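Let's go looking for empty space inside and on the surface of a protein. Keep the model open beside you as you read.

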Amino acid sequence: MKAVPDMIVEHAPQRISGAAHAFALRDSDDDLDAGLAIARKHANWTFVALPAPIVAAPGFVAAWRHAPVVAWSSQALTIVGIGAALELRGTGVARWREIIAEAARIEASAILDRSGASDRGMIKPRLLGGVAFAPGAADAAPWTGFGDAWFMLPRWTYVHDGARAALVLAVDARDAQHAGRWRDELDALRSALAAGFAPRPQPPLVEMDPGDRDAWRAQVRAITDAIRAGECAKIVAARSAVVTLAGEARVADMLAELDARHADCVRVLVQPPGGGSLVAATPERLVALDGTAVACDALAGSIARVGDRDAGELRASAKDRNEHEIVVHAIASALRALDADVRFPVEPGVRTLRHVLHLHTPIAATLRTRRHVLELAAALHPTPAVGGTPTQIATDWIAAHEVVPRGWYAAPVGWFDLDGNGELAVAIRSGLVAGERAHLWAGAGIVAGSDPDRELAETDLKLRAMLGALGVTA
């Protein structure tokens with residue numbers, strides 16, 4: 001797999017003031033022209049990194065409402081991909097391999113760095129997107145346009161790490177001939193940033209349909225009966241709710257609200273062409289890969305965060321500890337099967353979020369053989385935290401019994417680079433927004449001892465993240 005070229009053409013311009021809410025106009029035009037001149041000489045992809053101010057993701061999302069967009073905001077990194085220079089699709093059980101194979105054909109001939117970021121890792125080409133929870137889960141409305149797996153090489157990628165920022169254009173020799181188009185788009189980005197972004201309240205609530213709560217309780221009882229019969233150890237049951245607003249839900253405003261309320265989570269937007277928008281504020285990392293270093297999160301077992309409720313109550317819960325240990329050992333076993341040296345603490349910690357306390361175990365591993373991050377994701381997903389165990393029995397039950405297909409709920413979403421490194425989160429605390437409707441999902445891990453009313457209350461609690469982003473109080 002040929003990835004980023006060894007030679008990077010570099011030029012460090014004067015650093016932009018963080019208070020200057022627009023690009024250095026003349027310098028950026030000159031830098032763009034220089035990059036396009038290089039691109040015309042090469043048959044493969046050229047990446048042109050331009051200087052940019054540090055801004056939050058919602059400002060870019062608001063400026064490009066109708067283009068394919070993927071946004072990723074964590075405590076370490078913000079990435080916004082705008083427009084698709086290239087789309088990658090995968091279908092069925094081969095979807096992971098198909099995406100990896102398509103990405104391997106992307107060759108970068110040159111990178112012109114005029115960003116001033118002084119960090120090759122900042123401006124490296126990235127592909128952004130994700131996969132469905134299971135093949136076929138996103139074949140119909142409301143998941144139109146998503147499919148089994150979709151990633152894009154963005155035309156424009158904005159990235160910042162809190163201290164530095166860059167805007168990277170991906171262009172090939174043919175597209176490099178259309179300099180006027182890229183100048184127009186750069187002008188549009190400047191204008192949007194110069195105008196600033198001020199989030200607004202969402203349109204008023206018209207209706208909230210919480211789904212059939214009695215039917216969901218009955219599903220929990222059916223699962224616990226199956227567990228008592230020895231058919232399985234755990235199944236994660238998800239329920240959906242539908243919110244209808246008086247006007248179109250604005251995903252940029254939702255992201256801004258999630259930034260304010262859930263900065264300790266990864267905020268994600270996936271908006272492929274021809275469909276709605278997946279929005280999430282997820283506390284759960286599926287996998288991150290950097291060279292041979294792997295990091296995963298085991299996040300399972302939870303209670304409501306109420307007043308001064310002590311985390312010791314969660315640690316003392318035999319039911320929650322059992323649920324958590326299933327997840328830890330499943331992740332560790334999957335990584336060992338990939339010939340990795342795995343390490344994790346004996347006792348779980350507690351992850352404290354706005355509404356929920358979770359048992360949390362960070363898992364680290366070292367690969368003995370280099371692999372693509374999507375290979376790791378394919379081996380790990382779905383973990384028992386979002387599917388169940390045994391895996392096949394749990395996923396078969398989910399497909400047969402859940403009334404509304406999960407689509408990309410609880411699915412891997414994120415990014416990877418041309419070397420196969422990257423990071424994927426699990427799209428829990430998420431919803432699919434299309435027009436004036438938002439389809440929201442929340443799940444609960446059902447194990448021996450699960451109580452239907454308690455599990456229903458847990459899903460109500462988990463729905464609050466997305467309801468809050470929509471301005472709806474539950």
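In the second largest pocket, helix H7 is the biggest contributor to the lining, with 3 residues. Bear in mind as you explore that this is a predicted model. The second largest pocket has a volume of about 370 Å³. It is lined by 24 residues, and those closest to its centre are Arg-65, Glu-248, Ala-249, Val-251 and Gln-271. At least two lining residues each come from helix H2 (57-63), helix H7 (251-261) and strand S21 (430-434).

Now turn to the largest pocket, which holds about 540 Å³ of space. Its lining is made of 27 residues, with Arg-95, Phe-133, Ala-134, Pro-135 and Thr-395 closest to the centre. Three helices give two or more residues to this lining: H3 (95-104), H10 (373-380) and H11 (391-401). Of these, H11 gives the most, with 5 residues.

What about space that is closed off? Rolling a probe the size of a water molecule over the atoms shows where empty space is left. Searching the whole structure turns up 3 cavities of 30 Å³ or more. The largest cavity contains about 200 Å³ of space. Among its 20 lining residues, Ala-385, Ile-428, Arg-429, Gly-443 and Lys-462 lie nearest the centre. Strand S14 (293-304), strand S22 (437-446) and helix H12 (452-469) are the elements that give two or more residues to the lining of this cavity. The largest share, 5 residues, comes from S22.

The second largest cavity has about 90 Å³ of space. Which element gives the largest share of its lining? That is H12, with 3 residues. Among the residues that line this second cavity are His-262, Cys-265, Leu-353, Arg-354, His-355, Leu-461 and Ala-465. Two names may look familiar here: Arg-429 and Lys-462 line the second largest cavity, and both are also listed among the residues nearest the centre of the largest cavity.

Here is how the lining residues divide by class.

| Space | Nonpolar | Polar | Charged |
|---|---|---|---|
| Largest pocket | 16 residues | 5 residues | 6 residues |
| Second largest pocket | 12 residues | 7 residues | 5 residues |
| Largest cavity | 10 residues | 5 residues | 5 residues |
| Second largest cavity | 7 residues | 2 residues | 3 residues |

To try this yourself, find Arg-95 and Thr-395 at the largest pocket, where both are among the residues closest to the centre. Then find Gly-443, one of the residues nearest the centre of the largest cavity.

Note on methods
Residues are numbered from 1 along each chain as its sequence is written. This is a predicted model: local features need pLDDT of at least 70, side-chain atom pairs count only at pLDDT 80 or more; totals for chains, interfaces and linings use all residues. Side-chain values use heavy atoms; hydrogens and water are left out. On a 1 Å grid over the protein atoms alone, a cavity is a set of points where a 1.4 Å probe fits but cannot get out, and a pocket is an open set with protein on both sides within 12 Å along at least five of seven lines; lining residues have an atom within 4 Å of a point. Grid points are joined across faces, edges and corners, and a volume is the space filled by probe spheres set on the points. Helices (H or I, at least four residues) and strands (E, at least two) are DSSP runs, numbered from the N terminus. Ala, Val, Leu, Ile, Met, Phe, Trp, Tyr, Cys and Pro count as nonpolar, Asp, Glu, Lys and Arg as charged, and the others, Gly among them, as polar.
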